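Dear colleague,

I am handing over the structure below for your attention. My findings follow after it.

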Amino acid sequence: MDLHALNSGLAGLGNGALLVASALIVLVLAWLLAMIVRRVLGVPVGWPRSIAVGVLMIVSFGVMAQYLATSADLGGVDGSALKVPAAVVLMFLTLAVVWVFALGVAILVGLEVAVPTGSLPKLSSFFRGWSARRQRTRRYAEVIGIAVRHGLGSQLRGLNRNWRHENEEETALHLRLALNEAGVTFVKLGQMLSTRRDLLSEPYIRELSKLQTHAEPEPWSAIEPAIRTYLGRDLNEVFAWVNPEPLASASVAQVHEGSLLSGQVVVLKVQRPVALRQVRRDMDIVLRMAHWLDRSAPWARTIGVKSLAEGFAASLREELNYHVELENMRSVDASLAEAGIADVHVPHAYEEFSGSRLLVMDKLEGRPISHARSVLSGMTEERRHEVATKLLSATLTQIVDSGVFHADLHPGNIFLRNDGGIGLLDFGSVGRLDPSTRHSLGTLLYAVEKDDSVSATDALIELLDRPEELNERALERGVGQLLTRYRTGFGGLGSRSMFTVLLNLLVQHGFAVPPQIAAAFRALAALEGTLGQVCPGFDVVAAARAEGKRMMAHQFRPGNLKDQFESRALQLLPLLERMPRRLNKLTEDLEQGRFSMNIRMLADNRDRHFLDTLVQQVVVALLASAATLGAIILIASDTGPMLTDNVRMHAFFGYTLLFAGFVLSLRAVALVFRRHPEPGN
């Protein structure tokens, strides 16, 4: 055995182990320094940049210590002898260390001001998800290319809310074409925006309302294996036959006719095999763009684009899950049965054959209103008005009475049955309202009928999220003018005009429309267009006033009033039981002079949070100013003992105090530029 080679190998291993140990020590020290820096600044600085600055400080410490040790040894750097006590060298070394620390903190504050923590992707994201990132980038380029081809490139900057300008009709048209070309996710996004009259003007609402998710059907060779997978068995074990040609085809799903082994004719709503993956990919893009706009565009934060996108994503996920649609069908069917509405039908769904991607239900005999022009033309005017009234009455009854309603009542989802009844389809979007909201909606309809602006204003305030600063008198005057304008047959302007004016009035007064209330408005707006096809000239709002009067009259019947009184009395009973004791204590305190009132200042968390932040910034700024001023006075002083031939003790303490002022100033800057979270977050 070669002993020299063995010794060399052991020495190499020893050097390698020493190197690893040194690296670990440096990392541990850098982590400790990072903790100290984060504590000094008082803001949640990112760990990667804190540790990187810590490593830089450790390297600087080493260089500085080596320089001072060399200079204080037998000679200086130029070879001359230095007579400096070891205690003085240690003092200067400590001062150098703290100033290196201060410079490191300054670097970190500069990074936070220029690139705040959280504004860049996490470091780990650069080492994973390359395939998904590449696909997302390709899709980004494709969507941007579609927007540019339709002349919407200037709108992608997102820095100005430029919705309204002289060419908005043309811009709205190109926006609809671009969304339609971009695919199902963007089509459904446009459909959702078409219901937000509080955000978009009429040209955009009109164009986006035309969006439909028609698409070329998938071949049977692709659909049949998907049905087999969703069923978990062969088709011939469940169906006697299935028509390979679809009845309808959309971007997400297509519908095929078939029959069960029992002979019952059914339809199969089959989700396209790649639909879920496409929607998830595009939904990720929509959410990322919304988050970017929320950070970079003030107008986006004003309209709540982030919450809009998140609500849209949640709604779309539910729509893609047919378990949810099956439950929605049951809920709407139960609400119709509870209200005693027998002429509006919901098809029976077969749960044992359905799943998250497949829905099997009875086939409705008849035609959708969108394809029933010939049938409608053969009806008398009275019959068409009767059908329209029946449909409106059923919808309002669901909204106001049961609180469970179909929220997507466009002409393709409403069937004219062969027996003269009405059928409903596509329950991916169903709204649900709580009892207090339903009561407020009914009160609003009744107040409109009675031309009572005070009651209508109270119903709106109860119905919506009340703004912090609301001028109730101004709102009441606006509602009164609205009722006066539309009370006589609504001037032929149509109900859509009234809904638009009402929403604009609410937005002007700072109201936010909750999602479920928006769903009710969306259902009524979609129903207005459908009823216009059933019976041209049908006045939706006039009929809604009559229905509201009928429903509220039902609520005011003696039996219902008795039930409501008993319910309210039950709620008040505990208060009434305690009232005598409390009144007795109050009168005793007044007689004996013990009556007092306690008022809690700054009871709101937001007020306390604001005041705490302000006081902290002021105190830190004052301390930094005092320390800096004292340091300047000490440094400029020409009295006091000498530490070295050129440095006085007062100057040394001045530089030490200047370090404290410098670090406090950095903390003040970091507190000013930090992104303050909401209280409780």
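A salt bridge is a side-chain nitrogen of Lys or Arg within 4 Å of a carboxyl oxygen of Asp or Glu. By that criterion, the structure holds 17 salt bridges. Please bear in mind throughout that this is a predicted model.

Salt bridges

Side chains of opposite charge can pair when their charged atoms come close. One of the salt bridges lies within helix H4, which spans residues 130-149. There, Glu 142 is joined to Arg 139, and their closest N and O atoms are 3.0 Å apart. The two residues are 3 positions apart in the helix, and therefore about one helical turn separates them. Their surroundings can be described by relative accessibility: Glu 142 has 43% and counts as partly exposed, whereas Arg 139 has 5% and is buried.

A further salt bridge brings together the side chains of Arg 281 and Asp 282, with an N to O distance of 3.3 Å. Here the acidic residue, Asp 282, is buried at 3% relative accessibility, while Arg 281 is partly exposed at 33%. Salt bridges with shared partners connect Arg 139, Glu 142, Arg 281 and Asp 282 in one network.

A third example is the salt bridge between Arg 272 and Glu 218, where the closest N and O atoms are 3.5 Å apart. This pair links distant parts of the chain, as its members are 54 residues apart. Arg 272 sits in the loop between strand E4 (265-271) and helix H9 (275-296). Glu 218 belongs to the loop between helix H7 (202-208) and helix H8 (220-231). Arg 272 is buried, because its relative accessible area of 7% falls under the 20% limit. Glu 218, at 22% relative accessibility, counts as partly exposed.

Aromatic pairs

The structure also holds 4 aromatic pairs. In one of them, the ring centres of Trp 99 and Phe 659 are 6.3 Å apart and the ring planes stand at 70°, so the pair is edge-to-face. Again, distant parts of the chain are linked: Trp 99 is in helix H3 (residues 86-114) and Phe 659 is in helix H23 (residues 649-673), 560 residues apart. Trp 99 is partly exposed, with a relative accessible area of 21%, and Phe 659 counts as buried at 17%.

Phe 652 and Phe 653 form another pair, with ring centres 5.8 Å apart; their planes are at 70°, so this pair is edge-to-face. Phe 652 is buried, with a relative accessible area of 7%, but Phe 653 is partly exposed at 42% relative accessibility. Ring pairs also gather Trp 99, Phe 659 and Phe 662 into a cluster.

An open sheet

Strands of a sheet pair through backbone hydrogen bonds, either parallel or antiparallel. The model contains an open sheet of 4 strands in the order E5-E10-E9-E7, and its pairing is mixed. Strand E5 (344-345) and strand E7 (366-368) are at the edges; each has a single partner strand, so one side of each is left without a neighbour in the sheet.

The partner of E5 is strand E10 (residues 422-424): the two run parallel and are joined by 2 bridges. Within this pairing, Val 344 stands opposite Ile 422 in E10. Helix H14 (residues 381-402) lies across E5, E10 and strand E9 (414-417), and runs at about 40° to E10.

The surroundings of Asp 434

One loop residue deserves a separate paragraph. Asp 434 is placed in the loop between strand E11 (430-432) and helix H15 (435-450). With 37% relative accessibility, Asp 434 counts as partly exposed. The side chain of Asp 434 makes a polar contact of 2.4 Å with the side chain of Ser 436, and another, of 2.7 Å, with the side chain of Thr 437. Asp 434 and Ser 402 are 32 residues apart in sequence, and their C-alpha atoms are 9.0 Å apart in space.

With kind regards

Methods. Residues numbered from 1 in each chain as written. Predicted model: local features only at pLDDT ≥ 70, side-chain atom pairs only at ≥ 80, totals over all residues. Heavy atoms only, no water. Pairing = 2+ DSSP bridges. Contact = heavy atoms within 4.5 Å. Axes fitted to C-alpha atoms, helices over the stretch in contact; angles between N-to-C directions. Buried < 20%, exposed > 50% of the residue type's maximum accessible area, 1.4 Å probe, protein only. Polar contact = N/O pair within 3.5 Å; in protein donor to acceptor, adjacent residues only side chain to side chain. Phe/Tyr/Trp six-rings, centres within 6.5 Å; stacked < 30°, edge-to-face > 60°.
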